[in-house]
Amino acid sequence: VLKLFKLLHRTRQEVFKNDTRALEAARQKINEEFRNNQHETSQEKINELLKIASDVEVILRTSVIQAVHTDSDKI
C-alpha cells in the first residue's frame, strides 16, 4: 500500500511538473483517498482499492498532457 502511495505521488510530481495548482490538488486527493480508507480490513476491498489506485497511476502517466503557453497566440 505504501509503495503504491509513493508511486502515485512520484507520478503526480512528474505529470504536473511546474503546475503548482494541479500538484497541490492531486496531492490532496491522493492523501484524502488513502486516509479515507486507512482503516479498511476486508482483504477483498483492499485489493479492489489497490487496483483502482494502480489504474489511476497508469492513466495519469499515459493520458495526461501538459501544455505549455509559449506566446500569446501559441500553446
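This is a short tour of a predicted model, stop by stop, with something to select at each one.

**Stop 1: helix 1**

Start by selecting residues 2-15, which make up helix 1. This helix has 14 residues and spans 20 Å from its first C-alpha to its last, close to the 20 Å expected at 1.5 Å a residue. Now show side chains for Leu4, Leu8, His9, Thr11, Arg12 and Val15, the buried residues here. Turn the view until you look down the axis of helix 1: these buried residues fall within an arc of 160°, so they line one face of the helix. Then swing round to the other side of helix 1 and pick out Leu2, Lys3 and Glu14, which are exposed.

**Stop 2: helix 2 and its salt bridges**

Next, select residues 20-36, which is helix 2. Show Arg27 and Glu24 as sticks and draw a distance between their side chains: they meet in a salt bridge, at 2.6 Å from N to O. Why are the two about one helical turn apart? They sit 3 residues apart in helix 2, so about one turn separates them. Switch on a surface if you like: Arg27 is partly exposed, at 32% relative accessibility, and Glu24 is also rated partly exposed, at 33%.

Stay in helix 2 and move to Glu33 and Lys29. Which atoms should you join with a distance line? Take the closest N and O atoms, which are 3.0 Å apart in the salt bridge between Glu33 and Lys29. The spacing along helix 2 is 4 residues, about one turn of the helix. Glu33 is partly exposed, with a relative accessible area of 34%, and Lys29 is partly exposed at 44%. Keep Glu33 displayed for the last stop.

**Stop 3: helix 3**

Now select residues 43-63 for helix 3. You should find 21 residues reaching 30 Å from the first C-alpha to the last, close to the 30 Å expected at 1.5 Å a residue. Colour Ile46, Ala53, Glu57 and Leu60, which are buried. Looking down the axis, you will see that they cover an arc of only 65°, which puts them on the same side of helix 3. On the other side of helix 3, Glu44, Thr62 and Ser63 are exposed.

Before leaving this helix, add Lys51 and Asp55. Their side chains meet in a salt bridge, 2.8 Å from N to O. Both residues lie in helix 3, 4 residues apart, about one turn of the helix. Asp55 is partly exposed, with a relative accessible area of 32%. If you want to keep hunting, a search of the whole structure finds 4 salt bridges.

**Stop 4: the largest pocket**

Finish by centring the view on Glu33, Phe34, Asn37, Leu49 and Ala53. Of the 20 residues that line the largest pocket, these lie nearest its centre. Helix 1, helix 2 and helix 3 are the elements that give two or more residues to the lining. Which helix gives the largest share of the lining? That is helix 3, with 7 residues.

Two of the central residues have already come up on this tour: Glu33 is the salt-bridge partner of Lys29, and Ala53 is one of the buried residues of helix 3.

Try colouring the lining by class, and you get 14 nonpolar, 2 polar and 4 charged residues. The volume of the largest pocket is about 560 Å³.

Methods: Residues numbered from 1 in each chain as written. Predicted model: local features only at pLDDT ≥ 70, side-chain atom pairs only at ≥ 80, totals over all residues. Heavy atoms only, no water. 1 Å grid on protein atoms, 1.4 Å probe; cavity = no way out; pocket = protein on both sides within 12 Å on 5 of 7 lines; lining within 4 Å. Points joined across faces, edges and corners; volume = space filled by probe spheres on them. Nonpolar A, V, L, I, M, F, W, Y, C, P; charged D, E, K, R; others polar. Buried < 20%, exposed > 50% of the residue type's maximum accessible area, 1.4 Å probe, protein only. Expected span 1.5 Å × (residues − 1). Arc of directions from axis to C-beta.
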